[in-house]
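Hello,

Here is the structure I promised to pass on to you. Have a look at it first, and then read on for what turned up in it.

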Amino acid sequence: MQRARRRVRDRRRTVVKSALSIDRRRLLGLGTAAGAGLLLPPSLRGAQAAGFPAVAEKDAVIAFGHVGPVNDEGWTWSHDQGMKAVQAAFPKAKTLFVESIPYSADATRTFRQFATQKANLIFATSQYGDFYKDVTKRNRGIAFMECNGSSLEENLGWYYFAHWYPTYVIGVAAGLMSKTGKLGYVASFPVTSCYASTNAFLMGARSVKPEATLQVVTINSWFDPQAATQAGVALANNGCDFLFGIMDEAGYLQIAEQRGIKAAMWNTDMRRFGPKAYVSSVVIDLKAYYVDQVAKRLAGTWEPKSTILPLGKGVDRDAWGETVPEAVAKQADAVREKMLSGGFNPFAGEIRDNKGKVRVPAGQTMSEMDLYKWDWSIEGVAGLGA
């Protein structure tokens, strides 16, 4: 485990500049959330499919290209669970996967190799931009999917998660549980996924504690346990009594456990690293989505679409931690239920940025595209970006 973590950490340190322009969780292009109950104009709902014939299960080859190791207990582990669901649903099909693919020409070579192995459907579980598109354009007879991708082509679709909703719910719990109102956040890079996450978290907290603020420390890595731990120490030393973040490991949760404060996580249930500190986590679940996409490809009905997996169907909060008071869980879950019923969208104006400028006027509500392309901080957030 430690060797694997060091390996991916070292690789990611060599691609910091690439990661700033290729955000694993950021959606740069136009698209839709068709299929997830989130609609945009018809012209953006999908590209004209190249036309893919049905494939017998015994002849099918499904490939997955991962940004990290499958045992990272975070992002890549979650995608690997989706692949295992595919294997269980289609036991006669062949599955391929490669771990820790760097943001470089090595990515192009890896995905090209999948093509030469006659893959019928290839998933990139992170955004690889032109490194991926170079392969998709040269292999029009193969179906491709890119997690948090940037465009739709006749043989390329993308998918992502509406993580801002469970984040808001966790923020409600944070606001109720924080004594100081000073919240801390460990960010990877100043990219849209972090802006959406920090903003949604603080908005949830301020809905119950209006004076709450959020201090952000950016560590310039998606996976660096030492840096995440140091960031957690700095935030705790600065008086933050609730920590959150978007990392793939539990460094700052362990600090929260040691300091007697609270923390929430991203990707998976990590409570064993800090059972007293653990409040919840934003968890992703791709099993049903991956099985559905493979089933469509085998049946010859697959089309290149954009999908944002919604709250309750691909992304959600984790079960509450053992020290979360029942009243807190009940109040936060009431907000979640209102979201699920469609009766509440918290991302409505007036919303000001942290320089005081009105970004969302009263009477307007941010669209899903606004949310995943969020690139500014709200009032009360300090330390992220300019």
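Let me start with one pair of residues: Val-283 has Asp-316 in E12 as its bridge partner. Strand E10 (residues 278-284) is joined to E12 by three bridges, and the two run antiparallel. Please keep in mind throughout that this is a predicted model. The mean pLDDT of the protein is 88, with 87% of its residues at 70 or more. Please be careful with residues 1-46, where pLDDT stays under 50; the model has 130 contacts beyond four places in sequence for them.

**The sheet with E10 and E12**

Both strands belong to an open sheet of seven strands, ordered E12-E10-E9-E8-E6-E7-E15, with mixed pairing. Which strands stand at its edges? They are strand E12 (315-317) and strand E15 (381-382); each has a single partner strand, so one side of each is left without a neighbour in the sheet.

Helix H9 (residues 251-259) lies across four strands here: strand E6 (182-187), strand E8 (242-245), E9 and E10. Its direction is at about 165° to E9.

Strand E9 (residues 262-267) also holds Asn-267. Is Asn-267 buried or exposed? Its relative accessibility is 1%, and because buried means under 20%, Asn-267 counts as buried. A polar atom of the Asn-267 side chain lies 3.4 Å from the backbone oxygen of Met-247.

**The other sheet**

There is also an open sheet of six strands, in the order E2-E1-E3-E4-E5-E11, and here the pairing is parallel. At its edges stand strand E2 (94-98) and strand E11 (306-309); each has a single partner strand, so one side of each has no neighbour in the sheet. From one strand to the next, the twist averages 15°.

Inside this sheet, strand E1 (residues 61-65) pairs with strand E3 (residues 121-124) in the parallel sense, over four bridges. Two phenylalanines are a nice place to see this: Phe-64 stands opposite Phe-123 in E3. Helix H5 (residues 130-138) packs on the sheet and touches E3, strand E4 (143-147) and strand E5 (156-161), with its direction at about 165° to that of E4. Helix H4 (residues 105-116) lies across E1, E2 and E3, and runs at about 165° to E3.

**The nonpolar core**

Which residues touch the most other members of the largest nonpolar core? Among its 122 residues, they are Phe-111, Phe-347 and Trp-374. Helix H6 (residues 164-177) gives the most to this core, with nine residues. If you click on Trp-374, you can look for the residues it touches beyond four places away in sequence, including Tyr-195, Met-203, Phe-347 and Met-366.

**Some backbone details**

Two asparagines have a positive phi although they are not glycines: Asn-148, at about 55°, and Asn-220, at about 60°. Asn-148 is in the loop between E4 and E5, and its relative accessible area of 0% makes it buried. Asn-220 sits in the loop between strand E7 (213-218) and helix H8 (225-237), and at 38% relative accessibility Asn-220 counts as partly exposed.

Finally, the peptide bond from Gly-349 to Glu-350 is cis, with omega near 10°. You will find Glu-350 in the loop between helix H11 (326-340) and strand E13 (351-352).

Enjoy exploring!

Best wishes

Key. Residues numbered from 1 in each chain as written. Predicted model: local features only at pLDDT ≥ 70, side-chain atom pairs only at ≥ 80, totals over all residues. Heavy atoms only, no water. pLDDT = per-residue confidence, 0-100. Contact = heavy atoms within 4.5 Å. Buried < 20%, exposed > 50% of the residue type's maximum accessible area, 1.4 Å probe, protein only. Polar contact = N/O pair within 3.5 Å; in protein donor to acceptor, adjacent residues only side chain to side chain. Pairing = 2+ DSSP bridges. Axes fitted to C-alpha atoms, helices over the stretch in contact; angles between N-to-C directions. Core = buried A, V, L, I, M, F, W, Y, C linked by side-chain atoms within 4.5 Å.
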